[in-house]
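User: I would like a close look at a single part of this model, with the cut-offs behind each term spelled out.

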Amino acid sequence: MDNYYEMTIAGLTRQLPLCKVNDNMDIGAFVIFGDVELTIAAAHELLLKVPEFDYIVTPEAKGIPLGYEMARQSGKSYFVARKGKKLYMKEPFGVEVRSITTTGVQEIYLDRREAEILSGKRVLVVDDVISTGESLKAVIKLLEYAHANVVAECAVLAEWDAADRDDIIFLEKLPLFFKD
């Protein structure tokens, strides 16, 4: 029988499956893909909390639906920090990232054209969940290279030590589940 953690996010109740990280700990798996109702509600609630911004940047992949919906609701554009160089990128530049949800070291990239658009602009960094914060640190490093002004970092959920941070904006705390 599967174990779930029930929580309310942006006024909506969801069952998050508990997933084993190791013998001592599980995490509640929050997957925003396919949950249009939650994506719309969470985007709305986050937009009420964030400062003024010109653009949104989100790391690939689970933050994309949220970044898109926040852009749609705000009328602003968004960019995706990509997990790999794409053929359409003419002058990509990247930084390394090690995320708790991904095995090994990855790189994320922006294209020079995107960097030129973001240069000097107020940028909101958006993701689905902030845990260790490593993905966001990598995005911020990319944005520093682009000379963008990061005005805030936000997510639907904050877990682990991130839930105690006062420099990020989030809707709910997601606990870790420790086993005896």
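Which residues does Thr58 touch, not counting residues up to four places away in sequence?

Analyst: This is a predicted model, in which local features need pLDDT of at least 70 and side-chain atom pairs count only at pLDDT 80 or more, while totals for chains, interfaces and linings use all residues. Residues are numbered from 1 along each chain as its sequence is written, and side-chain values use heavy atoms, with hydrogens and water left out.

Leaving aside residues up to four places away in sequence, Thr58 touches Gly63, Ile64, Tyr78, Phe79, Val80, Ala81, Val126 and Asp127, where contact means heavy atoms within 4.5 Å. Thr58 is buried, with a relative accessible area of 0%; buried stands for under 20% relative accessible area, exposed for over 50%, and partly exposed for what lies in between, with a 1.4 Å probe and protein chains only. Thr58 lies in strand 4, strands (E, at least two residues) and helices (H or I, at least four) being DSSP runs numbered from the N terminus.

Strand 4 belongs to an open sheet of five strands in the order 5-4-8-9-10, with parallel pairing; two strands pair if DSSP finds at least two bridges between them. Strand 5 (77–81) and strand 10 (169–174) stand at the edges with a single partner strand each, so one side of each has no neighbour in the sheet. On average, neighbouring strands of this sheet are turned by 25° against each other, direction ignored. Strand 9 (residues 149–159) pairs with strand 10 in the parallel sense over five bridges, and Cys154 stands opposite Ile169 in strand 10.

Two helices can be placed against this sheet. Helix 1 packs on the sheet, touching strand 9 and strand 10, and its direction makes about 125° with that of strand 10; such angles run from 0 to 180 degrees between N-to-C directions, and axes are lines fitted to C-alpha atoms, for helices over the stretch in contact. Helix 4 (residues 134–145) lies across strand 4 (55–59), strand 5, strand 8 (122–130) and strand 9, running at about 165° to strand 8.

Helix 1 (residues 36–49) also meets helix 2 (residues 64–74), their axes coming within 9 Å and crossing at roughly 60°. The two helices are therefore oblique to each other, given that angles under 35 degrees count as roughly parallel, over 145 as roughly antiparallel, 65 to 115 as roughly perpendicular and the rest as oblique. Among the residues that meet here are Ile40 and Leu47 in helix 1 and Leu66 and Met70 in helix 2.
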